[in-house]
Amino acid sequence: MALGPLGRVIAQGILLGVSILARALPAAYASALANARKTGADKAAEEAARKGASFLGKARMSKDEALQVLNLSEGEATVEAVQKQYERYFEANKVENGGSFYLQSKIYRAKELLDEYVAEKNKEQQDAWRKEQEKGGKGDEK
């Protein structure tokens with residue numbers, strides 16, 4: 001019988017704690033948002049998200065870093081050159097041969113980014129060539 005009143009006191013204590021937290025958490029969140037706006041941290045987080053950072057804060061590799069990882073210059077970056085350097089460095093850093101998985105992943109991400117870059121560069125060159133052809137074709141009609 002003594003457990004009944006003790007159980008009721010414990011339950012009331014738990015309910016009191018939950019009600020306090022239910023009021024305190026939204027107030028703390030609103031306060032944190034206000035502080036972030038004052039310090040500009042919200043804009044920094046938005047900028048990082050826009051640049052490709054994940055929620056863990058890891059930013060995407062830059063084109064310059066990718067070129068350095070594969071030891072290429074911007075002018076040398078072609079599909080064949082990127083593939084050649086990728087295969088060379090990826091094989092050299094195999095974990096089975098005492099290499100580094102971290103370096104392999106950096107090499108893979110560098111290749112991935114440079115493949116996108118080369119594709120964009122080729123598309124821009126093709127678009128420029130088409131525009132030149134259209135201008136040249138229109139001049140012949142006159």
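**Surroundings of Q104 and the faces of helix α4**

A polar atom of the Q104 side chain lies 3.2 Å from the backbone oxygen of F90. The model examined here is predicted. Q104 belongs to helix α5, which comprises residues 101-141. With a relative accessibility of 9%, Q104 is classed as buried, because this value falls under the 20% cut-off. When residues up to four places away in sequence are left aside, the contacts of Q104 are with F90, N93, K94 and V95. F90 thus appears in two descriptions of Q104, as a residue that it touches and as the one whose backbone oxygen lies 3.2 Å from a polar atom of its side chain.

Helix α4 covers residues 79-92. Its 14 residues should span 20 Å at 1.5 Å a residue, and the end C-alpha atoms are 20 Å apart, so the expected and computed lengths agree. The buried residues of this helix are A81, V82, Q85, Y86 and Y89. Viewed down the axis of α4, these buried residues fall within an arc of 130° and therefore line one face of the helix. The exposed residues E80, K84 and R88 are carried on the face of α4 that is turned away from its buried side.

The loop between α3 (63-69) and α4 contains N71. This residue is not a glycine, yet N71 has a positive phi of about 55°. The relative accessible area of N71 is 52%, and the residue is therefore exposed, the cut-off being over 50%.

Note on methods: Residues numbered from 1 in each chain as written. Predicted model: local features only at pLDDT ≥ 70, side-chain atom pairs only at ≥ 80, totals over all residues. Heavy atoms only, no water. Helix = DSSP H or I, 4+ residues; strand = E, 2+ residues; numbered from the N terminus. Buried < 20%, exposed > 50% of the residue type's maximum accessible area, 1.4 Å probe, protein only. Polar contact = N/O pair within 3.5 Å; in protein donor to acceptor, adjacent residues only side chain to side chain. Contact = heavy atoms within 4.5 Å. Expected span 1.5 Å × (residues − 1). Arc of directions from axis to C-beta.
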